[in-house]
Amino acid sequence: HGRVAMAAIVGCIVHNNGIHFDGYLSPSAGLKFEDVPTGINGIRAIPTAGLIQILLFFALVELAWMPASKYDGDYGVGYFGNDIAD
């Protein structure tokens, strides 16, 4: 959550200072990157198909590339004196 929050605030700072990608976010909808508003209204400007693509990519990363059992720090020794039952 920390990394996502840091990336979000950097994106807001960059966007609010007028720095935008060139080109179109959605060529079929005629939506340019600079047309996307700041804040929560920005998510509403993205076409539904684009949001679905983003969510499917996140799901792929979370479930296939980085499953929770592979994280560093998961030593399998339990917590607060309790053993982990497999």
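Helix α1 gives the largest share of the lining of the largest pocket, 6 residues. Keep in mind that this is a predicted model, where local features need pLDDT of at least 70, side-chain atom pairs count only at pLDDT 80 or more, and totals for chains, interfaces and linings use all residues. Numbering starts from 1 along each chain as its sequence is written, and side-chain values use heavy atoms, with hydrogens and water left out.

Now for the pocket itself. The largest pocket holds about 820 Å³ of space. Of its 23 lining residues, Gly11, Cys12, His15, Val36 and Ile46 are the closest to the centre. Two or more lining residues come from each of α1, α2 (41–45) and α3 (48–65). Sorted by class, the lining has 17 nonpolar, 6 polar and no charged residues; here Ala, Val, Leu, Ile, Met, Phe, Trp, Tyr, Cys and Pro count as nonpolar, Asp, Glu, Lys and Arg as charged, and the others, Gly among them, as polar. A pocket is an open set of points on a 1 Å grid over the protein atoms alone, where a 1.4 Å probe fits, with protein on both sides within 12 Å along at least five of seven lines; lining residues have an atom within 4 Å of a point. The volume is the space filled by probe spheres set on the points, which are joined across faces, edges and corners.

As for the fold, the protein has 3 helices and 2 strands, running α-β-β-α-α from the N terminus on. These are DSSP runs: helices are H or I with at least four residues, strands E with at least two. Buried residues (under 20% relative accessible area, 1.4 Å probe, protein chains only) make up 7% of the 86 residues. Exposed means over 50%, and partly exposed is in between.

Here are three residues by element and accessibility:

| Residue | Element | Relative accessibility | Class |
|---|---|---|---|
| Val14 | α1 (residues 2–16) | 32% | partly exposed |
| Asn16 | α1 | 54% | exposed |
| Tyr24 | β1 (residues 24–26) | 45% | partly exposed |

Two of these also have a C-alpha distance to report. Asn16 and Pro37 are 21 residues apart along the chain, with 9.4 Å between their C-alpha atoms. Tyr24 and Asp35 sit 11 residues apart in sequence and 9.2 Å apart in space, C-alpha to C-alpha.
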